[in-house]
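User: I'm new to reading protein structures and I'd like to know how the labels get decided. Can we go through this one together?

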Amino acid sequence: MSAIRSMIIRSRSHRVVQDGLAPAAEEPNVGETSCWANMPQELLREVLIRIEASECSWPPRKSVVACAGVCRTWRYITKDLVKVPELSGLLTFPISVKQPGPRDLLLQCFIKRCRSTQTYYLYLSLTPALADEGKFLLAARKCRRPTCTDYIISLDADDMSKGSSTYVGKLRSNFLGTKFTVFDGQPPHAGAKMEKSRSYRLVNLKQVSPRVPAGNYPLALISYELNVLGSRGPRRMQCIMDAIPATAIEPGGSAPTQTEFSHHSLDSFPSFPFFSSKSNRAENFLSGPLSSQKDGALILKNKSPRWHEQLQCWCLNFHGRVTVASVKNFQLVASPENGPAGPEHEKIILQFGKVGKDLFTMDYRYPISAFQAFAICLSSFDTKIACE
């Protein structure tokens, strides 16, 4: 078994599983006719089951990814064996960043900020300490516009453009930086509607990847309220998760889980321009007051801190994950839809805090994904004229 695994890793170490992100033309033909692809599927499944069972953490889990990179047959079987993060607590393939986190624990991540380039990088922590380099997950680039700010989120740390095949989604703020809309590059659930823009920019189709997402789908609405406690008080925020039902946090509830990245060809929409996507609904949200609740959607609100008399500051218990006091620090819990709060409303779904000048921790759990958590945390970085 170890010989087979080492041979696979050596022969496929240069391959990276992208869940179909690479164009079909780049799919190797030799792998489909090699002896590896022609192995009896019963034997192949047994080999992959043992490799999957032997690797429960990163970075040794790279062998699982290497197996999925051998050929299409191996990829399908490997992805069928690997459980989603909700069940395994592991982020194995790129699509894992779009799937809900584990139910029973917080996945520990951290964000690095580069001030000079206005970019942000999300990593999965490999150890409880922040000394490790982490496993790269997502990157975001800040783009200032006359009336708003956009954060373009990508799977590639070096290619953060909306015209890239690695484009995942974006975060858009209003002028004051108090209201945000999170857009997904593909439908987050069945029946999701793409938001079209009244003001769009034309793009030369020859210069855009044919696998660029065809539009943006509203995923979450974030609002920061006016700070009534003065400059020393904490921010108050609320998130309406459009794609997640409020019942998801209840016993037996479920959240939408994407299984693969979808690819839309611009050739399929020859009469449509490439939308920069600012919808009527998004415009109303960004310019008007936040509605009390989206029907049936999960509502997240920040956990109220307590005033520490000795330290003379507002405090939250981050269990050692946050070491620097900052107005950006927050913990989000589910808001009860009606009636009293239950035990499920006490669980921290997302916490974000500062540990260094440009280093921040981000821990999240079910029912939100790493992409959703990252987008919410990016909203905390933006300047808020009316809140501070």
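User: What makes strand β4 and strand β5 a pair, and in which sense do they run?

Analyst: Keep in mind that this is a predicted model. Strands count as paired if there are at least two bridges between them. Strand β4 (residues 149-154) and strand β5 (residues 167-173) have five bridges, in the antiparallel sense, so they pass that cut-off. As part of the picture, Ile 152 stands opposite Lys 170 in β5.

User: How many strands close into the barrel, and in what order?

Analyst: The barrel is made of 12 strands, and the order is β1-β2-β3-β4-β5-β6-β7-β8-β9-β12-β13-β14, with antiparallel pairing. From one strand to the next, the twist averages 20 degrees. Over the protein chain, the secondary structure comes to eight helices and 14 strands.

User: Where does α8 lie?

Analyst: α8 lies across many strands, including β1 (107-114), β7 (217-225) and β14 (359-364), and it runs at about 35 degrees to β7.

User: Why is Arg 113 called buried?

Analyst: Buried means under 20% relative accessible area. Arg 113 comes in at 14%, so the label fits. This residue is found in strand β1. As for the whole protein chain, buried residues make up 52% of its 388 residues.

User: What makes the link between Arg 113 and Asp 358 a polar contact?

Analyst: The cut-off for a pair of N or O atoms is within 3.5 Å. The side chains of Arg 113 and Asp 358 are joined at 2.9 Å, so the distance is inside that limit. A polar atom of the Arg 113 side chain also lies 2.9 Å from the backbone oxygen of Lys 357. Leaving out residues up to four places away in sequence, Arg 113 touches others too, among them Thr 119, Phe 360 and Phe 381.

User: Which residues touch the most other members of the largest nonpolar core?

Analyst: Those are Ile 111, Leu 138, Leu 350, Met 362, Tyr 364 and Phe 374, out of 72 residues. Helix α8 (residues 370-381) gives the largest share, nine residues.

User: Why is this core said to lie between two domains?

Analyst: Domain 1 (37-82) and domain 2 (107-190 + 213-258 + 294-380) both give residues to the core, so it lies between them. Apart from it there is another core, of five residues, including Phe 110 and Met 160.

User: Which residues is Tyr 364 in contact with?

Analyst: Setting aside neighbours within four places in sequence, its contacts include Leu 91, Cys 109, Leu 350 and Ala 373.

How values were computed: Residues numbered from 1 in each chain as written. Predicted model: local features only at pLDDT ≥ 70, side-chain atom pairs only at ≥ 80, totals over all residues. Heavy atoms only, no water. Core = buried A, V, L, I, M, F, W, Y, C linked by side-chain atoms within 4.5 Å. Buried < 20%, exposed > 50% of the residue type's maximum accessible area, 1.4 Å probe, protein only. Helix = DSSP H or I, 4+ residues; strand = E, 2+ residues; numbered from the N terminus. Domains from an automatic or database assignment. Contact = heavy atoms within 4.5 Å. Axes fitted to C-alpha atoms, helices over the stretch in contact; angles between N-to-C directions. Polar contact = N/O pair within 3.5 Å; in protein donor to acceptor, adjacent residues only side chain to side chain.
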